[in-house]
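Hi there,

Here is the structure I promised to pass on to you. Please have it open while you read the notes underneath.

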Amino acid sequence: MQRFFPKLKISFCVIAFLASAFQAFGMYNIHALSGVTEGGVFGLILLLHHWTGLSPAISSFVLNAGCYALGWKTLGREFIGYSLVAACGYSVGYGICEQFPPLWPQIAQLPLLASIVGAQFIGVGAGLCVRVGGATSGDDALAMSLSHLTKLPIQWIYLTSDLLVLGLSLSYIPLKRIGYSLLTVILSGQIIGWIQNIRVPGKNGRLP
């Protein structure tokens, strides 16, 4: 990979991979089980999983291709390198999780807790990936690209796309649960924006 992406940092690659696997853990054990969904591409992945049975380990990789292409064009080759690492981390992480039963099956009966805890997994995982310059999913790639082009704060880009997907998710999620999903997307988007804006020593304020 260093041949094609000579500017990649090993430490950033490790962060992107582990952060994506962290997200996958939360998606499998909380979101996919509780009926509380995410917006954007993550929500679309769960929508496809519900109606077609397609594994998120597969759909996440396929659906992200177009958004990654936009990210490459607007953010450069380095972005693609970190995003490839992140996508692999997510697929590997979810694939491993699928080999085991969910850790907290009872969380399906606690949608408020699921929405809050799930937002932590999504927000922290995606936030760390965005911070090092990559995208866990096409949702992140799209948000990063649009934020770069429009100069709008990334959390508001997330919110707009999330609301669109949540509208589609009404086809299988009861209306009363959409409120919990809305709480999840608001919290996760704000966490991502907060992590991105933390100032730390290092180039461009990125993680050292």
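Below is what I found, beginning with helix packing and moving on to single residues. Please keep in mind that this is a predicted model.

**Helix packing**

Two packed helices are described by the angle between their axes and the distance between the axes. I have three such pairs for you.

Let me start with helix H2, residues 40-52, and helix H8, residues 154-169. Their axes come within 8 Å and cross at roughly 15°. Angles under 35 degrees count as roughly parallel, so H2 is roughly parallel to H8. The H2 and H8 crossing is left-handed. On the H2 side the contact is made by Gly 40, Gly 43, Leu 44 and Leu 47, and on the H8 side by Ser 161, Asp 162, Val 165, Leu 168 and Ser 169. Sorted by class, the residues where H2 meets H8 are four nonpolar, four polar and one charged.

H8 also packs against H7, the helix that spans 138-150. For H7 and H8 the angle is about 125° and the axes are 9 Å apart, and these two helices are therefore oblique to each other. Their crossing is right-handed. H7 brings Asp 139, Asp 140, Ala 143, Met 144, Leu 146, Ser 147 and Thr 150 to this contact, where they meet Ile 154, Ile 157, Tyr 158, Ser 161 and Asp 162 of H8. By class, the contact of H7 with H8 holds six nonpolar, three polar and three charged residues. If you colour the two H8 contacts, look out for Ser 161 and Asp 162: they are listed in the contact with H2 and again in the contact with H7.

The third pair is H1 and H5. Their axes come within 7 Å and cross at roughly 40°, and the crossing is right-handed. The residues in the contact of H1 with H5 divide into 18 nonpolar, five polar and no charged.

**Aromatic pairs**

How many aromatic pairs does the structure hold? There are seven aromatic pairs. One of them is formed by Phe 25 and Trp 104, which sit edge-to-face, 5.9 Å centre to centre and with 85° between the planes. This pair links distant parts of the chain: Phe 25 belongs to helix H1, while Trp 104 lies in the loop between helix H5 (77-97) and helix H6 (111-132), 79 residues apart. Phe 25 counts as partly exposed, at 27% relative accessibility, and Trp 104 likewise counts as partly exposed, at 33%. Both belong to one aromatic cluster, together with Phe 22 and Phe 121.

**Single residues**

Ser 20 is found in helix H1, residues 10-34. Is Ser 20 buried or exposed? Its relative accessibility is 0%, so Ser 20 counts as buried. Not counting residues up to four places away in sequence, Ser 20 touches Ala 86, Gly 89, Tyr 90, Cys 129 and Thr 136.

Leu 47, which you met in the contact of H2 with H8, is buried, with a relative accessible area of 12%. Leaving aside its neighbours within four places in sequence, Leu 47 is in contact with Leu 168, Ser 169, Ser 171 and Tyr 172. The C-alpha atoms of Leu 47 and Ala 32 are separated by 9.7 Å, and these residues are 15 residues apart along the chain.

Thr 74 is found in helix H4, residues 65-75. Thr 74 is buried, with a relative accessible area of 18%; the cut-off for buried is under 20%. With neighbours within four places in sequence left aside, Thr 74 is in contact with Ser 145, His 148 and Leu 149. Between the C-alpha atoms of Thr 74 and Val 185, 111 residues apart along the chain, the separation is 25 Å.

Finally, have a look at Lys 151, in the loop between H7 and H8. Its phi is near 65°, a positive value in a residue other than glycine. Lys 151 is exposed, with a relative accessible area of 65%.

Do write back if you would like to go through any of this together.

Best wishes

Technical notes
Residues numbered from 1 in each chain as written. Predicted model: local features only at pLDDT ≥ 70, side-chain atom pairs only at ≥ 80, totals over all residues. Heavy atoms only, no water. Axes fitted to C-alpha atoms, helices over the stretch in contact; angles between N-to-C directions. Helix = DSSP H or I, 4+ residues; strand = E, 2+ residues; numbered from the N terminus. Parallel < 35°, antiparallel > 145°, perpendicular 65-115°, else oblique. Left-handed = near helix turned anticlockwise from the far one by under 90°. Contact = heavy atoms within 4.5 Å. Nonpolar A, V, L, I, M, F, W, Y, C, P; charged D, E, K, R; others polar. Buried < 20%, exposed > 50% of the residue type's maximum accessible area, 1.4 Å probe, protein only. Phe/Tyr/Trp six-rings, centres within 6.5 Å; stacked < 30°, edge-to-face > 60°.
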